[in-house]
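Q: I have a model open and want to learn to read its packing. Where do we start?

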Amino acid sequence: MLAGSLVLGACGGGGNVSSDAAAADDGAAKEIDPDGTFRYIFVQNPSTLDPHRSANPWDMIFFSLAYDQLIWRNDAGDLEPMLATEWEFVDDGAAFELTLREDVTFIDGEPFNAESVKANLERAKTLPESAFKGSLARVESVEAVDEFEVRINLNGPGANLPDLLSSTVGSMISPAAFDNPDLDQNPVGSGMAKLVEYIPGQVNRWERNEDYWDPEAAQAKTYEIYAQTASPTRMNMLSTGQGELTYLMPQDQESAEAAGLNVAPSRSSNIFAFYFNAGKEPFDDPRVRKAAEHAINRQALIDGVFFGAGEPVAQMLPPDHWAYHPEVTPDNPDYGYDPEKAKELLAEAGYGDGVEFELLIPGLDDHRALAEAMVPMFAEVGLKAETRVIESPTTSVTFFSRQEGHAFPGLSAPVVDPTNQYQRNLSGQFANPWENTSEAFTDAWDQSLVGTSREERLPGVHAMIEEDKELLNMFPVMLFTPPSAWTDNVVLPEGYTPAYAPHFRGVGVTGD
């Protein structure tokens with residue numbers, strides 16, 4: 001499943017390379033230094049290192065070091081064995097059974113087995129602060145059938161369960177550590193690395209788990225993840241030898257190439273979207289939310305702000321996804337740029353003279369650039385934004401829990417399953433405290449879970465996407481594919497393309 005210690009190296013020479021060439025160099029293999037340090041530069045530290053309490057999808061970058069997941073999603077998006085070696089739906093889809101690895105131990109010495117899986121899923125389902133109660137709503141019970149056999153009984157269709165178990169909710173914590181008061185900063189998993197230092201807002205350091213069941217995974221001895229919000233600074237850190245890999249704002253790509261760095265479009269299914277407080281004026285009126293969508297020229301944002309590093313979308317799936325709805329596009333006049341229609345809708349809603357709203361902006365350079373470009377587009381139709389910059393890791397709590405502000409631009413998590421992109425519309429969800437939902441959406445969401453093949457699920461998924469556009473709790477803006485940059489001493493596994501939300505399995509550094 002993973003590359004060995006001698007793999008294809010990164011593309012040398014500093015020119016722009018395609019994603020297909022991201023793992024290839026001039027033909028010479030590079031020798032990995034088993035005692036090397038790999039340094040990744042990201043924009044933030046984790047919000048928590050307790051997976052069940054994590055509402056921030058970017059925490060998965062850190063979880064992939066500390067924790068194993070039951071199922072692994074490879075770089076092509078396909079599911080592979082990880083802690084589970086086999087899985088299948090049984091009893092006409094009424095249950096889901098997994099066979100587990102028998103050679104895994106948590107870093108605290110506790111064994112991994114079926115009881116561990118049962119305990120983790122029950123905690124994720126019942127913990128008061130759990131971010132995954134909704135995701136696991138279809139799980140009726142979990143049984144440890146044998147020492148390494150698990151049966152998940154369902155109370156309804158659950159076709160998304162394999163994909164769910166490849167994500168944060170499938171990350172396995174040692175049950176002995178559930179009540180550790182410092183679990184949020186001291187993870188106890190069975191992953192390929194152990195946390196040895198955590199300085200919030202600055203850096204966290206990890207060392208290889210020498211007892212790891214997959215010895216080819218951790219190719220570096222030490223991993224360091226630095227927090228740096230400014231793209232030019234991240235680029236300079238790479239060019240001065242302070243890091244090996246990062247992602248950049250597109251306008252910094254030429255500078256990175258000039259500095260001799262390798263650059264390629266990031267593998268990404270992440271979508272920028274605009275989120276509304278649908279329980280507060282003026283966005284409690286669906287006509288105002290619709291006006292906001294018609295006010296935005298998506299292609300102009302991509303070209304003017306992100307130098308073409310993206311693609312306009314009107315749904316929360318990228319165009320190459322198997323469940324993409326071909327009729328829900330920015331070219332459809334129901335969802336596209338139309339400032340005159342936006343003004344008409346505002347007038348119908350009683351805001352013919354315009355209306356003010358508070359726009360929260362997560363304090364990251366890409367979010368700020370997008371928001372600043374959207375403000376005059378909104379103003380043109382009469383939506384007058386007053387902006388306030390907030391801390392990025394706390395955006396969800398600020399907006400959905402405390403319900404501050406009227407709207408914010410946010411970036412979606414990598415796509416796990418279509419249902420995850422739309423689950424926020426259901427009743428009782430963390431991201432829908434105003435309970436803006438409908439029976440039609442709930443029925444469509446239920447239907448999207450029926451079947452065990454993509455073909456069987458597609459009608460329900462498409463109906464769900466259509467009903468989402470009626471609710472309009474948010475509207476998608478663009479698929480974001482910023483450039484990744486890395487140094488010549490990085491060694492990437494064959495077929496690996498640096499992602500916007502990367503993992504580091506099989507990634508190493510040379511001794512040069």
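A: With a pair of helices. This model is predicted. Helix 6 passes helix 8 in a left-handed crossing.

Q: How are two packed helices described in general?

A: By the angle between their axes and the distance between the axes. Here the axes of helix 6 (residues 286-295) and helix 8 (residues 339-348) come within 8 Å. They cross at roughly 165°.

Q: Are helix 6 and helix 8 roughly parallel or roughly antiparallel?

A: Angles over 145 degrees count as roughly antiparallel. Helix 6 and helix 8 are therefore roughly antiparallel to each other.

Q: Which residues make the contact?

A: Helix 6 contributes Arg-287, Val-288, Lys-290, Ala-291, His-294 and Ala-295. From helix 8 come Pro-339, Lys-341, Ala-342, Leu-345, Leu-346 and Glu-348. By class, the residues of this contact are seven nonpolar, one polar and four charged.

Q: Now the sheet. In what order do the four strands lie?

A: The order is 6-7-9-8, in an open sheet with antiparallel pairing. Strand 6 (84-90) and strand 8 (139-146) are the edge strands, and each pairs on one side only. From one strand to the next, the twist averages 20°.

Q: How many bridges join strand 8 and strand 9?

A: Six, with strand 8 and strand 9 (residues 149-154) paired in the antiparallel sense. To find the register, look at Val-142: Ile-152 in strand 9 stands opposite.

Q: Which strands does helix 2 lie across?

A: Helix 2 (residues 114-126) lies across strand 7 (95-100), strand 8 and strand 9. Helix 2 runs at about 170° to strand 8.

Definitions and conventions
Residues numbered from 1 in each chain as written. Predicted model: local features only at pLDDT ≥ 70, side-chain atom pairs only at ≥ 80, totals over all residues. Heavy atoms only, no water. Axes fitted to C-alpha atoms, helices over the stretch in contact; angles between N-to-C directions. Helix = DSSP H or I, 4+ residues; strand = E, 2+ residues; numbered from the N terminus. Parallel < 35°, antiparallel > 145°, perpendicular 65-115°, else oblique. Left-handed = near helix turned anticlockwise from the far one by under 90°. Contact = heavy atoms within 4.5 Å. Nonpolar A, V, L, I, M, F, W, Y, C, P; charged D, E, K, R; others polar. Pairing = 2+ DSSP bridges.
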